[in-house]
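Subject: Structure handover

Hello,

Here is the structure I promised to pass on. Please open it first, then read my notes below.

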Amino acid sequence: MLFTKEVPSREKLNFIIYIFSRLTLNLGSLIYTFAVSYSILYFTGSALYFAINLAITSVVMTLMLPLSGVMSDLGNKRKIIISGEVILTLIMAGLLVFTYFNGFNIFAIYITSFLTALVNPFVSNTFQTSMTEMFHKERIQKVMGYVSAIMSSAIIIGPAIGGVLFGLFDFYIMILIFTITYAISTLLDFFIKFDLYYDPENYVLVNSSQPETASVFGKFKHDVWQGIEYIKNSYVFLRVFIMAAFINFFASLMGIYPEKAMITELKFSPETVGIINAFDGFGVLIAGIVIGSVKQFKNPVGLMKISLILWTFTIPLYLLPLYTSMADTYSIAFFAAMGFTIAVMLQVINVPLFTFVQLTVPQHIKGRVFSAIGLFASSIAPIGTLLYGFAYDYLPFWLIHSISFTALIIIIFTFLNSRVIDESKEDVSKVAEELELSKTVHENTGI
């Protein structure tokens, strides 16, 4: 547990502040995202316009990831996070003022998505890099599990509130809520101790490997390449991250299809869509509690593979309400159940993956590895969103889902083969042995 006597009080305070900060921000973000998604589909009826907004975010964030990875390793983590959150708050305030006077404008949404995508990678990547300095390494899985469980409350009520507010108020009210939550989150982050478990020795390799005579661009290229080189030289990491890219590609289906089916095909009201989407949060809640309560994963990549296979089978299953004479009541229940199930599976994909990275990657290069993860994962995501957005407007849904199902099954068994599973399990075992040895030394010396 995270609140036992063995856990330092400052780490407990870090956890509480971090939770409240992320919870506040996620709630506002979900309300805003629901309003944007529903508005685009409601006013245009086009999945392509909806996909363009997702693609803008994916492309820009992908381009910014290498720089964000270097900065999160070499820069002051606290300053990067707080400065980025201040800028994001100002961007949303600008959209709020514009929308208040001009109403909903899709080009203003696109511009806002572009600007926030410029900054978000620096904040999110630096937070990821800071996790093992905000919390002890042996409690990372529990932290990530409980964080996802607590965040689920936002996922549960966010879309529901968004659906209700969409029917009662103008679009700018959603933006106002998001702007306020950004400001609150930024204020809370001032009180987090980002260097609680900071160890200068973890960064010795960073300074010693810097080319002294290289240009600024040369040093930047060298720093970025270190993260890529680390992955390239690891049989496990290379295949897991290629797999992550394909997961993001096919996740575009899950991001577009439910909204397209519920809003334009089945004509569900915004309140109904919001309630259905809230069940995603219940799935995250259950999965987070279980992950946070169980012992450290001995084979996280193997667990990830099992969940991926199960997730793949939901792709054809998701079509039932559109191809059967299912009553609206049953269709609503079906979409809610699917959202819950998929949310559970995605948690059992994501948390083991990031637990594996947090445990096995050296601290001095972790930021660049995380940015590389994002780069791999996001590299073909924009193609996926645009391709699926176009496909859902012009192709039969059954054809899209059949091709996606077959391709994903082949990719999973190709990249997550038995050697990847075995070697990743050995890597985690080595870290567990090191932590146990460190704990024994600590107890014996009293240090």
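Which residues are buried in H16? The list runs Phe397, Ile400, His401, Ser404, Leu408, Ile409, Ile411 and Ile412. Please keep in mind that this is a predicted model.

H16 also passes a simple length check. The helix covers residues 397-415, 19 residues in total. At 1.5 Å a residue, H16 should span 27 Å. Its end C-alpha atoms are 27 Å apart, so expectation and model agree.

**The chain as a whole**

The chain has 17 helices and zero strands. It counts 447 residues, and 51% of them are buried. About 19,900 Å² of the chain is exposed. Carbon and sulfur atoms supply 69% of that area. I also looked at contacts between residues at least 6 apart in sequence. Of these, 88% join residues at least 24 apart.

**Salt bridges**

How many salt bridges does the structure hold? It holds two. Side chains of opposite charge can pair when their charged atoms come close.

One joins the side chains of Asp393 and Lys260, at 3.1 Å from N to O. This pair links distant parts of the chain, with the two positions 133 residues apart in sequence terms: Asp393 sits in helix H15 (residues 381-394) and Lys260 in helix H9 (residues 235-265). Asp393 has a relative accessibility of 25%, so it counts as partly exposed. Lys260 has a relative accessible area of 5%, so it is buried.

The other joins Glu423 and Arg419, at 2.7 Å from N to O. Both residues lie in helix H17 (residues 418-445). They are four residues apart, about one turn of the helix. Glu423 is partly exposed, with a relative accessible area of 25%. Arg419 is partly exposed too, at 44%.

**Aromatic pairs**

The count comes to 21 aromatic pairs. Take Phe15 and Phe135. Their ring centres are 6.3 Å apart and their planes meet at 75°. Planes over 60 degrees apart count as edge-to-face, so this pair is edge-to-face. The pair links distant parts of the chain, 120 residues apart. Phe15 is in helix H1 (residues 9-44), while Phe135 is in the loop between H4 and helix H5 (140-168). Both Phe15 and Phe135 are buried.

Now take Tyr318 and Phe335. Is this pair stacked, tilted or edge-to-face? It is tilted, with 5.7 Å centre to centre and 40° between the planes. Tyr318 lies in the loop between helix H11 (300-317) and helix H12 (320-323). Phe335 lies in helix H13 (residues 328-360), 17 residues from Tyr318 in the sequence. Tyr318 is buried, with a relative accessible area of 5%. Phe335 is buried as well, at 2%.

Tyr318 and Phe335 also belong to a cluster linked by ring pairs. Its other members are Phe249, Phe250, Tyr257, Phe268, Phe334, Tyr388, Tyr392 and Phe397. Phe397 is also among the buried residues of H16.

**Two threonines in H4**

Thr112 lies in helix H4 (residues 106-134). Its relative accessible area is 6%, so Thr112 is buried. What does Thr112 contact, leaving aside its neighbours within four places in sequence? The contacts are Tyr32, Ile91, Met92 and Leu95.

Thr116 lies in helix H4 as well. At 12% relative accessibility, Thr116 counts as buried, because the cut-off is under 20%. Not counting residues up to four places away in sequence, Thr116 touches Leu88, Ile91 and Met92. Ile91 and Met92 therefore appear in the contacts of Thr112 and of Thr116, given that contact means heavy atoms within 4.5 Å. Thr116 and Thr57 are 59 residues apart in sequence, yet 8.0 Å apart in space, C-alpha to C-alpha.

**The surface**

Which residues make the nonpolar surface patch of about 560 Å²? They are Ile275, Phe279, Phe282, Ile286, Val290, Val294 and Phe340. Helix H10 (residues 270-293) gives the largest share of the patch, five residues. Ile275 is one residue found in helix H10.

Best wishes

Definitions and conventions. Residues are numbered from 1 along each chain as its sequence is written. This is a predicted model: local features need pLDDT of at least 70, side-chain atom pairs count only at pLDDT 80 or more; totals for chains, interfaces and linings use all residues. Side-chain values use heavy atoms; hydrogens and water are left out. Patches are made of residues with over 30% relative accessible area and no salt bridge: like charges are joined within 9 Å, nonpolar side chains (Val, Leu, Ile, Met, Phe, Trp, Tyr) within 5 Å. Accessible areas come from the Shrake-Rupley method with a 1.4 Å probe; for residues, only the protein chains shown count as cover. A salt bridge is a side-chain nitrogen of Lys or Arg within 4 Å of a carboxyl oxygen of Asp or Glu. Buried means under 20% relative accessible area, exposed over 50%, partly exposed in between (1.4 Å probe, protein chains only). The expected span of a helix is 1.5 Å times one less than its number of residues. Rings of Phe, Tyr and Trp (its six-membered ring) pair if their centres lie within 6.5 Å; planes under 30 degrees apart count as stacked, over 60 as edge-to-face and the rest as tilted.
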